[in-house]
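Colleague: I'm new to this structure and would love a close look at one part of it. Could you put it up for me and walk me through what surrounds a single residue?

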Amino acid sequence: MTAPITIKKHEAVPGTGSYEVRFADGRPSVYFYWDDLPGRRLQPDLLTRSEAEARAKELARIERDKLAGAGA
């Protein structure tokens, strides 16, 4: 059985990338983009790696809790 919610880290260029929260039920993935070099950030709302990872984990936890509550 596939895990209902997974997190995948993407890092094509060192120091920048995204965390993808994937849903097995067909919902679109949610991405949290990050860049650890402030001088390279083109978007002011870009996160650091640790912030992006924390937000991805929090979203996954919330969604897993919803699934656990619905199955009870």
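Colleague: Which residues does Phe32 touch, not counting residues up to four places away in sequence?

Modeller: Happy to take you there, and please keep in mind that this is a predicted model. Leaving aside residues up to four places away in sequence, Phe32 touches Gly17, Ser18, Tyr19, Val21, Leu47, Ala52, Arg55, Ala56 and Leu59.

Several of those names come back when we turn to the nonpolar core. The largest one has ten residues in all: Ile5, Tyr19, Val21, Phe23, Phe32, Trp34, Leu47, Ala52, Ala56 and Ala60. Two or more residues of this core come from each of the elements β2, β3 and α1. As a general point, nonpolar side chains in soluble globular proteins tend to be buried together.

Let's stay with Tyr19, which touches Phe32 and is also a member of the core. Tyr19 is buried, because its relative accessible area of 6% falls under the 20% cut-off. Another core member, Trp34, is buried too, with a relative accessible area of 1%. A search of the whole structure turns up two aromatic pairs. One of them joins Tyr19 and Trp34: the ring centres are 6.5 Å apart and the planes stand at 35°, so this pair is tilted. Tyr19 lies in strand β2, residues 16-23, while Trp34 lies in strand β3, residues 30-35. The two are 15 residues apart, and their pair links distant parts of the chain.

The other pair is made by Tyr31 and Tyr33. Their ring centres are 5.9 Å apart and their planes meet at 15°, so the pair counts as stacked. Here the surroundings are more open to view. Tyr31 is partly exposed at 38% relative accessibility, and Tyr33 is partly exposed as well, with a relative accessible area of 47%.

Phe23, which you met in the core, has a charged partner. The charged end of Arg27 sits over the ring of Phe23, 4.0 Å from the ring centre.

From there we can move on to charges that pair with each other. Side chains of opposite charge can pair when their charged atoms come close. The structure holds ten salt bridges, and helix α1, which also contributes to the core, is a good place to look at two of them. Within this helix, residues 49-71, Asp65 and Arg61 are four residues apart, which means about one helical turn separates them. Their side chains form a salt bridge with an N to O distance of 2.8 Å. Asp65 is partly exposed at 43%, and so is Arg61 at 40% relative accessibility.

Lys66 and Glu63 form a salt bridge as well, at 3.3 Å from N to O. These two are three residues apart in helix α1, again about one helical turn. Lys66 is exposed at 52% relative accessibility, whereas Glu63 is buried at 10%.

Last, there is a group of charges to trace for yourself. Lys9, Glu11, Asp36 and Arg49 are linked in a network of salt bridges. Inside that network, the side chains of Lys9 and Glu11 meet at 3.2 Å, N to O. Lys9 is partly exposed at 38% relative accessibility, and Glu11 is partly exposed at 32%.

How values were computed. Residues are numbered from 1 along each chain as its sequence is written. This is a predicted model: local features need pLDDT of at least 70, side-chain atom pairs count only at pLDDT 80 or more; totals for chains, interfaces and linings use all residues. Side-chain values use heavy atoms; hydrogens and water are left out. Rings of Phe, Tyr and Trp (its six-membered ring) pair if their centres lie within 6.5 Å; planes under 30 degrees apart count as stacked, over 60 as edge-to-face and the rest as tilted. Buried means under 20% relative accessible area, exposed over 50%, partly exposed in between (1.4 Å probe, protein chains only). A charge sits over a ring if NZ of Lys or CZ of Arg is within 6 Å of the ring centre and within 35 degrees of the ring normal. A salt bridge is a side-chain nitrogen of Lys or Arg within 4 Å of a carboxyl oxygen of Asp or Glu. A nonpolar core is a set of buried Ala, Val, Leu, Ile, Met, Phe, Trp, Tyr and Cys residues joined through side-chain atoms within 4.5 Å. Contact means heavy atoms within 4.5 Å.
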